[in-house]
Each structure stands twice: as structure tokens, then as C-alpha cells.
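This report describes selected strand pairings, aromatic contacts and residue environments. The sequence and the structure are shown first, and the discussion follows.

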Amino acid sequence: VQLQASGGGLVQAGGSLRLSCAASGNIYTINAMGWYRQAPGKRRELVADTTSAGSANYADSVKGRFTISRDNAKNTVYLQMNSLKPEDTADYYCNAKGATNWNLGMDYWGKGTLVTVSS
């Protein structure tokens with residue numbers, strides 16, 4: 001499974017960005033897809049994820065501001081980020097989780113895309 005993320009950039013506080021992540025390869029072997037982020041000097045943390053059935057999970061810090069969505073026909077997951085804050089500045093990583101007998105529990109990662117929020 002390969003993940004190609006895009007959409008990062010520089011935005012002022014209060015602004016919006018949308019990240020996209022397209023999955024390719026053995027996509028039938030994955031279920032949950034989502035986004036993690038890692039700020040300098042901090043651990044990587046879950047931002048939001050969603051299953052193929054559409055259920056979503058969010059970090060408390062982004063609830064009400066970020067929305068994750070998924071287009072199963074395009075094998076793409078999106079993260080709409082509104083009301084951005086300087087503390088949202090981080091490298092954002094797309095993630096997919098294996099769901100078959102041979103890759104259950106395996107994490108697939110895309111390259112990070114940098115989001116910088118200026119105050």
C-alpha cells in the first residue's frame with residue numbers, strides 16, 4: 001500500500017487548509033485511514049481517522065475544527081482543517097491500517113506534509 005499526501009502549506013491563524021491522501025496498491029487490504037501529526041520535539045499523535053464504513057474519531061484538540069472524510073471510490077481520505085491555530089503547526093502524516101490476516105495491525109505511512117500556522 002502506498003500513500004500520497006498533499007495539501008500542506010503556510011496559513012495564518014484562523015485560516016483553513018485541506019489535506020488529501022490517495023492510497024494505491026493493495027488497497028483491499030486496508031480499512032481505517034487517517035492523519036497523524038508530529039510537531040518538533042513532540043511525539044506523533046493521532047489527529048483523526050475514519051473507517052471505510054464512515055465512522056470517524058478525532059483528537060480532542062481538533063474536535064469542532066477539523067473534519068475527516070473519505071471517498072472510497074477514489075481511495076482518498078481528506079482532512080479539512082478550519083480555524084487553524086499556531087499549535088496545529090506540524091508535519092502531517094497520512095496513515096492506513098492493515099485489515100487482513102496477513103497485515104492486521106500493520107501501519108502504512110505516507111510522507112509528511114508540513115502545515116505551518118502563523119500567528
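Tyr 92 has Thr 113 as its bridge partner in β11. This assignment, like every other value in this report, derives from a predicted model. The two strands concerned, β9 and β11 (residues 113-118), pair in the antiparallel sense over three bridges.

**Strand β9 and its neighbours**

Strand β9 spans residues 90-98, and seven of its nine residues are buried, so the strand is largely enclosed by the rest of the structure. Besides β11, strand β9 pairs with β4, to which it is joined by seven bridges in an antiparallel arrangement. It also runs antiparallel to β10, with three bridges between them. In general, strands of a sheet pair through backbone hydrogen bonds, either parallel or antiparallel. The table lists one pair of opposing residues for each of these pairings.

| Strands | Bridges | Residues standing opposite each other |
|---|---|---|
| β4 and β9 | seven bridges | Trp 35 and Cys 94 |
| β9 and β10 | three bridges | Ala 96 and Tyr 108 |
| β9 and β11 | three bridges | Tyr 92 and Thr 113 |

**Aromatic and charged groups**

One aromatic pair is present in the structure. It is formed by Tyr 36 and Trp 109, whose ring centres lie 5.1 Å apart with the planes at 75°; the pair is therefore edge-to-face, as the angle is over 60 degrees. Tyr 36 belongs to strand β4 (residues 30-38) and Trp 109 to strand β10 (residues 107-109), so the pair ties together parts that are 73 residues apart in sequence. The two partners can also be described by their accessibility. Tyr 36 counts as buried because its relative accessibility is 16%, under the 20% cut-off. Trp 109, with a relative accessible area of 36%, is partly exposed.

Trp 109 has a further partner in Arg 44, which lies over the face of the Trp 109 ring at 4.6 Å from the ring centre. The charged end of Arg 44 also sits over the ring of Tyr 93, 3.8 Å from the centre of that ring.

**The four-stranded sheet**

An open sheet of four strands follows the order β1-β3-β8-β7, and its pairing is antiparallel. Its edge strands, β1 (2-6) and β7 (66-71), each pair on one side only. From one strand to the next, the twist averages 15°. Six bridges connect β7 and β8, which pair in the antiparallel sense. Within this sheet, Arg 70 stands opposite Val 77 in β8.

Which residues does Thr 76 touch, not counting residues up to four places away in sequence? They are Cys 21, Ala 22, Ser 69, Arg 70 and Asp 71. Thr 76 is itself located in strand β8 (residues 76-81). Its relative accessibility is 8%, so Thr 76 counts as buried. The side chain of Thr 76 reaches the backbone oxygen of Lys 74 at 2.8 Å.

Ser 6 is found in strand β1. With a relative accessible area of 38%, Ser 6 is partly exposed. Leaving aside residues up to four places away in sequence, Ser 6 touches Arg 18, Leu 19, Ser 20 and Thr 113. Thr 113 is also the bridge partner of Tyr 92 described above. The C-alpha atoms of Ser 6 and Gly 112 are separated by 8.7 Å, although these residues are 106 residues apart along the chain.

How values were computed
Residues are numbered from 1 along each chain as its sequence is written. This is a predicted model: local features need pLDDT of at least 70, side-chain atom pairs count only at pLDDT 80 or more; totals for chains, interfaces and linings use all residues. Side-chain values use heavy atoms; hydrogens and water are left out. Buried means under 20% relative accessible area, exposed over 50%, partly exposed in between (1.4 Å probe, protein chains only). A polar contact is a pair of N or O atoms within 3.5 Å; within protein, one must be able to donate a hydrogen and the other to accept it, and residues adjacent in sequence count only if both atoms are side-chain atoms. Contact means heavy atoms within 4.5 Å. Rings of Phe, Tyr and Trp (its six-membered ring) pair if their centres lie within 6.5 Å; planes under 30 degrees apart count as stacked, over 60 as edge-to-face and the rest as tilted. A charge sits over a ring if NZ of Lys or CZ of Arg is within 6 Å of the ring centre and within 35 degrees of the ring normal. Two strands pair if DSSP finds at least two bridges between them. Axes are lines fitted to C-alpha atoms, for helices over the stretch in contact, and angles run from 0 to 180 degrees between N-to-C directions.
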